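Me: I should like to learn how to read a structural model feature by feature. Could we take one case at a time?

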Amino acid sequence: MSTQTTEKSAWSAIRELPSNVWSSVFRNPVPSTDLERASTSFTNFFLHIHPVKVHKNTLRPIYTMGLGLISIFLFFILMATGILLMFYYVPSTTQAYDRMLDLRGTVAFGIFLRNMHRWSAHGMVAVVFLHMCRVFLTGAYKKPREFNWVIGVLLLLVTLFMSFTGYLLPWDQLAFWAITVGTSIAGYAPLIGSQIKFVLLGDTTVGQEALLRFYVLHVAVLPTVLLTLVGVHFWRIRKDGGLSRPEGARVQGPGAGESGVVKLRLEPQKRVFGLQGFVRGPFTKVGNTPDDTVFSWPNLLMAELFVFVLTVSAILVISLFFNAPLEEPVNVMHPPNPAKAPWYFLGLQEMVSYSAFWGGIGIPGLMVAFLIAVPYFDRNPKGVGRWFAKERLMANTIFLSMVILNVIFIIIGTFFRGPNWTFVSPF
Ligand code: HEM
């Protein structure tokens, strides 16, 4: 080969470098046609969790309120800030509190990091709960989404437990006594209560063993369980035919998921691509497109990006103005009066003050059993995909009564209980 030819091919390699690198990673140019939009969703690792097209109902902010997305984005923030906190934290009763002081006083942005972690954790508990309420109140737990609802109930329990195990780590008075109260509620379980408590604490009281166990659960076991369950949760959304939608908006035909039948509208003037080049199995024929669907790229992607930016901004602003609490170091001789559980368990603590067994175990156990069983007993397919559908008046009333009772108990426990759990006025 002559020197001239070698030089020429070297130059063209340099000239084409950006586009070659781009196509080696993304396979497609930035999509501008429907075919490219479809292909981009299919060939990108991060995007192929989405279907190529979604029903417009999926993108209606008023339908999902983005609550499932906010939940997962809060979890991402928790992972990022949690890993950074792990560089400084030591799960030892003699060092943990000092490390909190270091974060506050000497580590650059340490306090900000801790604030972000703390507020995202509280936010996640609240948002996952609200997401469950939206799924219930739109009847989205019904066939074929029963199993995904059950996965969701497990996700809620894991989220609560993850926040609870993190609560102990600062090793201050608030942490120590909240966990002492929380684990003694677990001790009320009949027959195996004290064994559960012992396994959790590794001892009979909260101390070094408990701190280590809570740490391992918090940073390794529970996040792994949560991520695995989230993977199944998202996979099931795809397999169940996308998000629920009102009956009239269903997708009929060979490409539809289990949950719907497609209404076909012929629009010969429109050019429509079948996806047989990408999908094996049933496909949408040219000219027979399901109504009311849009391409995930860029519609769904932009909506997700918007929710992400909103979630991160909210956490940044809150963390800028409000500091995570840090009380005195642990003093086992001086319990605060009253010692209160974390806020999301204060409803339980309030009920425990009436009856240890019913408040701590009986009623919460029945509530979880109700949540798991409800999609298998409520088989009426009516009213799915609409908020507060008339046909679901009874189911929604029972569910909302449970939610409102729980919230009332949490408010009483938080604001209206003083020394020795007597009634006090917050005003
Ligand atoms: C870590 C916790 C959770 C995450 C990250 C999560 C994430 C999501 C996302 C992103 C969606 C789709 C968009 C949306 O509906 O907002 C979704 C849908 C769904 N989630 Fe969750 N979720 C969680 C917990 C739960 C809980 C606690 C339940 C119920 C007990 C639940 C049940 C469902 C169901 C049934 C759907 C399908 C809804 C439909 O088709 O309309 N999820 N979830």
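Reply: Let us begin with a loop position. Pro338 is found in the loop between H11 and helix H12 (346-352). The model is a predicted one, and the peptide bond from Asn337 to Pro338 is cis in it, with omega near 5°.

Me: Which other peptide bond is cis, from Trp297 to which residue?

Reply: The bond from Trp297 leads to Pro298 and is cis, again with omega near 5°. Pro298 lies in helix H11, which covers residues 296-321.

Me: How should I place such details within the overall fold?

Reply: Begin with the inventory of secondary structure and then look at burial and contacts. The protein has 14 helices and 4 strands. Of its 427 residues, 44% count as buried. Among contacts with a separation of 6 or more, 73% are between residues 24 or more positions apart. The accessible surface comes to about 23300 Å², and carbon and sulfur atoms account for 70% of that area.

Me: How does one read a metal site, and which residues are the protein donors of the iron atom of the ligand?

Reply: One identifies the donors, then examines the angles. Here the protein donors are His131 and His233, each through NE2, at 2.1 to 2.2 Å from the iron atom of the ligand. The two residues link distant parts of the chain: His131 belongs to helix H6 (residues 110-137) and His233 to helix H10 (residues 208-239), with their positions 102 residues apart.

Me: What is the geometry of the site of the iron atom of the ligand?

Reply: The general idea is a comparison with ideal values. For six octahedral donors the ideal angles at a metal are 90 or 180 degrees. In this model the site has 6 donor atoms with angles of 86 to 179° among them, and it is octahedral.

Me: Are His131 and His233 buried or exposed?

Reply: Both His131 and His233 are buried.

Me: How is the rest of the ligand's environment to be described?

Reply: One lists the surrounding residues, then the elements that supply them, and then the polar pairs. The ligand is surrounded by 24 residues, and the closest are His131, Arg134, Gly152, His233 and Ser244. At least two residues of the shell come from each of helix H4 (67-86), H6, helix H7 (146-167) and H10. The largest share, 6 residues, is supplied by H6.

Me: Which polar side-chain atoms lie at 2.7 Å or 2.8 Å from atoms of the ligand?

Reply: Arg134 has a polar side-chain atom 2.7 Å from an oxygen atom of the ligand. For His131, a polar side-chain atom lies 2.8 Å from a nitrogen atom of the ligand. His233 likewise places a polar side-chain atom 2.8 Å from a ligand nitrogen atom.

Me: What can be said of Thr228, which is found in helix H10?

Reply: Consider its side chain and its spatial neighbours separately. The side chain of Thr228 reaches the backbone oxygen of Thr224 at 2.6 Å. Its C-alpha atom is separated by 9.9 Å from that of Leu155, although the two residues are 73 apart along the chain.

Me: Why does Ser163 count as buried?

Reply: A residue is classed as buried when its relative accessible area is under 20%. Ser163 has a value of 11%, and therefore counts as buried. This residue has its place in helix H7. Beyond its neighbours within four places in sequence, Ser163 is in contact with Ala121, Val125 and Tyr344.

Me: How does Ile361 count at 23% relative accessibility?

Reply: Ile361 counts as partly exposed at that value. Ile361 is found in helix H13 (residues 356-377). Outside its neighbours within four places in sequence, its contacts include Ile185, Ala186 and Tyr188. Ile361 and Gly187 are 174 residues apart in sequence, yet 9.2 Å apart in space, C-alpha to C-alpha.

Me: Finally, how should I read a positive phi, and where do Phe109 and Leu191 lie?

Reply: For each such residue, note the angle, the location and the exposure. Phe109 is not a glycine but has a positive phi of about 60°. Phe109 lies in the loop between helix H5 (96-105) and H6, and is exposed, with a relative accessible area of 69%. Leu191, also not a glycine, has a positive phi of about 65°. Leu191 lies in the loop between helix H8 (173-186) and helix H9 (193-201), and is exposed at 83% relative accessible area.

Note on methods. Residues are numbered from 1 along each chain as its sequence is written. This is a predicted model: local features need pLDDT of at least 70, side-chain atom pairs count only at pLDDT 80 or more; totals for chains, interfaces and linings use all residues. Side-chain values use heavy atoms; hydrogens and water are left out. Donors are N, O and S atoms within 2.8 Å of the metal (3.2 Å for Na, K and Ca); water is not among the atoms, so sites may look incomplete. Four donors count as tetrahedral if all angles lie between 85 and 135 degrees; four count as square planar and six as octahedral if opposite donors are over 155 degrees apart and all others between 65 and 115; anything else is irregular. Buried means under 20% relative accessible area, exposed over 50%, partly exposed in between (1.4 Å probe, protein chains only). Contact means heavy atoms within 4.5 Å. Accessible areas come from the Shrake-Rupley method with a 1.4 Å probe; for residues, only the protein chains shown count as cover. A residue is near a molecule or strand if one of its heavy atoms lies within 4 Å of it. A polar contact is a pair of N or O atoms within 3.5 Å; within protein, one must be able to donate a hydrogen and the other to accept it, and residues adjacent in sequence count only if both atoms are side-chain atoms.
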